[in-house]
Amino acid sequence: MPLYSYKCKDGHTFDLPGRMDGSDAPTRCMVFVDRDDPSRRCDAAVERVIAAPARVFPGADSWRR
Ligand SMILES: [Zn+2]
């Protein structure tokens, strides 16, 4: 399964493997926010981050040579 990144409205990000169509995507932030209470999660609404592939421009630095 591909790995997807999720971001909640509080700015937390986390990665989870999921289906391509997002049918099993989480809707709540799974980041733990309280060190003293390991069961407490952020629980804010999350959205899937579509990661753009890094672009490579061949020859972009050729002027340096
Ligand atoms: Zn969060």
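Start with the hairpin that β1 and β2 form: four residues lie between the two strands. Select G11 in the turn, where phi is positive, about 100°. Keep in mind throughout that this is a predicted model.

**The whole chain**

Now colour the protein chain by secondary structure. Three strands appear, and the number of helices is zero. Read from the N terminus, the order of elements is β-β-β. The chain has 65 residues, and 6% of them count as buried. Among its contacts with a separation of 6 or more, 29% are between residues 24 or more positions apart.

**The sheet**

Select the three strands together. They make an open sheet, arranged β2-β1-β3, with antiparallel pairing. At the edges are β2, residues 13-17, and β3, residues 46-49, and each of these pairs on one side only. Rotate the view to compare the directions of the strands: on average, neighbouring strands in this sheet are turned by 35° against each other, direction ignored.

Next, show β1 with β2. These strands run antiparallel and are joined by five bridges. Which residue of β2 stands opposite Y6? Select F14 to see the residue across from Y6. Then pick K7, which has T13 of β2 opposite.

Hide β2 for a moment and bring up β3. The pairing between β1 and β3 is also antiparallel, and four bridges make it up. Click Y6 again: its bridge partner in β3 is R48. Y6 therefore has F14 opposite it in β2 and R48 as its partner in β3.

Put β2 back on screen. How many of the five residues of β2 are buried? The count is zero, and the strand is hardly covered.

**Y4, inside β1**

Select Y4, which belongs to strand β1, residues 3-8. Why is Y4 classed as partly exposed? There are 19 other C-beta atoms within 10 Å of its own, and a buried residue needs 20 or more.

Now display the surroundings of Y4. Not counting residues up to four places away in sequence, Y4 touches D15, L16, G18 and R48. Draw a distance from the C-alpha of Y4 to that of G18. In space the separation is 6.6 Å, while in sequence the two are 14 residues apart.

**M1, before β1**

Finish at M1, in the segment before β1. Is M1 buried or exposed? M1 is exposed, because 9 other C-beta atoms lie within 10 Å and a count of 12 or fewer puts a residue in that class.

M1 still has contacts further along the chain. Once neighbours within four places in sequence are left aside, M1 is in contact with P17, G18 and R19. Draw one last distance, from M1 to P17. C-alpha to C-alpha it is 5.7 Å, although the two residues are 16 apart in sequence. Select G18 to end the tour: this residue is in contact with M1 and is also touched by Y4.

Methods: Residues numbered from 1 in each chain as written. Predicted model: local features only at pLDDT ≥ 70, side-chain atom pairs only at ≥ 80, totals over all residues. Contact = placed C-beta atoms within 7 Å. Pairing = 2+ DSSP bridges. Axes fitted to C-alpha atoms, helices over the stretch in contact; angles between N-to-C directions.
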